[in-house]
Amino acid sequence: MSQSPGAANDLGLVVAGGAARGAWQAGVLRFLVTSLADRLGHVPWPAVVSGTSVGALNGVNVAARSLEGVLDLSTMWREITIERVYRVTASDVVNAVYNSFWAQGAFALLDARPMYALVRRRFPEIPLREAIAFGDTRAFIVSATELDTGVNTLFVDSHDPTLWLRPGPGVRVRRGAVTAEHCLASAALPLLFEPVPIGGSLHVDGMLRQNTPIRPVIQCGLGHVLVIGIDGPAEHPEPAASVVPTFAFIAGKAFNAVLMDPVDADLRQVEKLNDLIRWGRAHFGPDFSTKLEAEMGLREVHVLRISPSMDLGLIARDVFAAHPPDVAAPVRTLLNLVADPANVGESDLLSFLLFDHHFTSTIEQLGFEDAQRQEEALARFLLAAKAR
């Protein structure tokens, strides 16, 4: 199996945010670089990678074109423990509240220094710099939110002078080398983790403005975009009659609502453009789309979206009940609260914070199997992206 994709490809990869749910994405990536790569005869590295929050932390290994990094990432998710991500003590909570009222520092309920150390230690600095410098990866794009302005900042790492993104309202583009700090800023869950300073400004999780950053990948001119989300099954269940509107329930639903973000609107616009191009070809011949791309840079965009086949909140609830993590008392209290015992059903908020190997290994394997179930569609899609 060759690790090189050969000629420049037409593939973009978008990896959404989702905290502990990122373990599911790692399983999808593991399938792409192992079983599917064996079938294709090469690892389907994308030309552009775009990610938010944990999607940036997972996606950087793909942007670095590091097969070892992707496989190590998968192993890390299967073995992770909460202590390697965050910790909390009673004094931490008191200090966070005190500091927020007396302007002594940013409010952060959890101490995320273990996660920051883990990310800095595992960040593929050299492979990423080489992939960008040699042009193997055309761009790595990380989405974060500037805290004081609320602007969505896209950090773009690219050596391609022709790559130009058109920022929309409330979006700022910053070009330069992406480091571990940029990815940490993108993953700084507001109120839970401390904001991260980048370029003199504090930044928090990019999911507040653009959790699934597909638009910048489309603007790179790519015709095939693979989206790895964590938003769960598409069907909408009937409302439960006995819902108790606890903090954990409301916060979990709020997180889910944010995760739906503008990607659905972006995809609808893509379909409208595709319909227009097909209509033009049907009425004016194949030259219509050729001239449209040459003169206006517009072309058909094919999107393949992969999402979990099961509700990750339900899995989190069941795993937590069967295997409660062996953690310090304050962390256990926090997890019991976000598990939302007042409501029978999924534990959405818990699924974002349960960085425990019993949960993450379960959904990492689910990610592998979900991608495996779409093997035929993935193979056709990736071969079409390579052939163009």
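Colleague: Let's start with helix α15 in this predicted model. Which of the residues in α15 are buried?

Modeller: Helix α15 spans residues 329-338, and its buried residues include V331, L334, L335 and V338.

Colleague: How should I read that spacing? On which side of α15 do they sit?

Modeller: Here is the general idea: an α-helix has 3.6 residues a turn, so residues three or four places apart point the same way. In this case, V331, L334, L335 and V338 cover an arc of only 95° around the axis, which puts them on the same side of α15.

Colleague: Nice. Now to helix packing. At what angle do the axes of α4 and α17 cross?

Modeller: The crossing angle is roughly 135°, and the two axes come within 6 Å. Helix α4 covers residues 67-79, while helix α17 covers residues 357-373.

Colleague: And what do we call such an arrangement of α4 and α17?

Modeller: Angles over 145 degrees would count as roughly antiparallel, and 65 to 115 as roughly perpendicular. The helices α4 and α17 are therefore oblique to each other.

Colleague: Which residues meet where α4 touches α17?

Modeller: From α4 come S74, W77, R78 and E79; from α17 come H357, T360, S361 and E364. By character, the residues of this contact divide into 1 nonpolar, 4 polar and 3 charged.

Colleague: On to charged pairs. How many salt bridges does the model have?

Modeller: The general idea is a side-chain nitrogen of Lys or Arg within 4 Å of a carboxyl oxygen of Asp or Glu. By this rule the model has 18 salt bridges. One of them joins R39 to E375, with the closest N and O atoms 3.3 Å apart.

Colleague: Where do R39 and E375 lie?

Modeller: R39 is in helix α2 (residues 35-40) and E375 is in helix α18 (residues 375-387), so this pair ties together parts that are 336 residues apart in sequence. R39 is partly exposed at a relative accessible area of 41%, and E375 is partly exposed at 22%.

Colleague: Which residue besides E375 should I look at as a partner of R39?

Modeller: Look at E376: R39 forms a salt bridge with E376 too, the closest N and O atoms being 2.8 Å apart. Again helix α2 is linked to helix α18, so the R39 and E376 pair ties together parts that are 337 residues apart in sequence. E376 is partly exposed, with a relative accessible area of 44%.

Colleague: What about strands? Which strands do E146 and R172 belong to?

Modeller: E146 and R172 form a salt bridge at 3.0 Å, N to O. E146 lies in strand β3 (residues 139-146) and R172 in strand β5 (residues 171-175), so they tie together parts that are 26 residues apart in sequence. E146 is buried at 6% relative accessible area, whereas R172 counts as partly exposed at 27%.

Colleague: Which residues are linked in a network of salt bridges?

Modeller: Try selecting D275, R278, R281 and E300, which are linked in such a network.

Colleague: Last one: is D356 buried or exposed?

Modeller: D356 is buried, with a relative accessible area of 7%. D356 sits in the loop between α16 (348-353) and α17.

Colleague: And what does D356 touch?

Modeller: Leaving aside residues up to four places away in sequence, D356 touches I80, I82, H323 and P325. D356 and I80 are 276 residues apart along the chain, with 5.9 Å between their C-alpha atoms.

Technical notes
Residues are numbered from 1 along each chain as its sequence is written. This is a predicted model: local features need pLDDT of at least 70, side-chain atom pairs count only at pLDDT 80 or more; totals for chains, interfaces and linings use all residues. Side-chain values use heavy atoms; hydrogens and water are left out. Buried means under 20% relative accessible area, exposed over 50%, partly exposed in between (1.4 Å probe, protein chains only). Helices (H or I, at least four residues) and strands (E, at least two) are DSSP runs, numbered from the N terminus. The arc is that of the directions from the helix axis to the C-beta atoms. Axes are lines fitted to C-alpha atoms, for helices over the stretch in contact, and angles run from 0 to 180 degrees between N-to-C directions. Angles under 35 degrees count as roughly parallel, over 145 as roughly antiparallel, 65 to 115 as roughly perpendicular and the rest as oblique. Contact means heavy atoms within 4.5 Å. Ala, Val, Leu, Ile, Met, Phe, Trp, Tyr, Cys and Pro count as nonpolar, Asp, Glu, Lys and Arg as charged, and the others, Gly among them, as polar.
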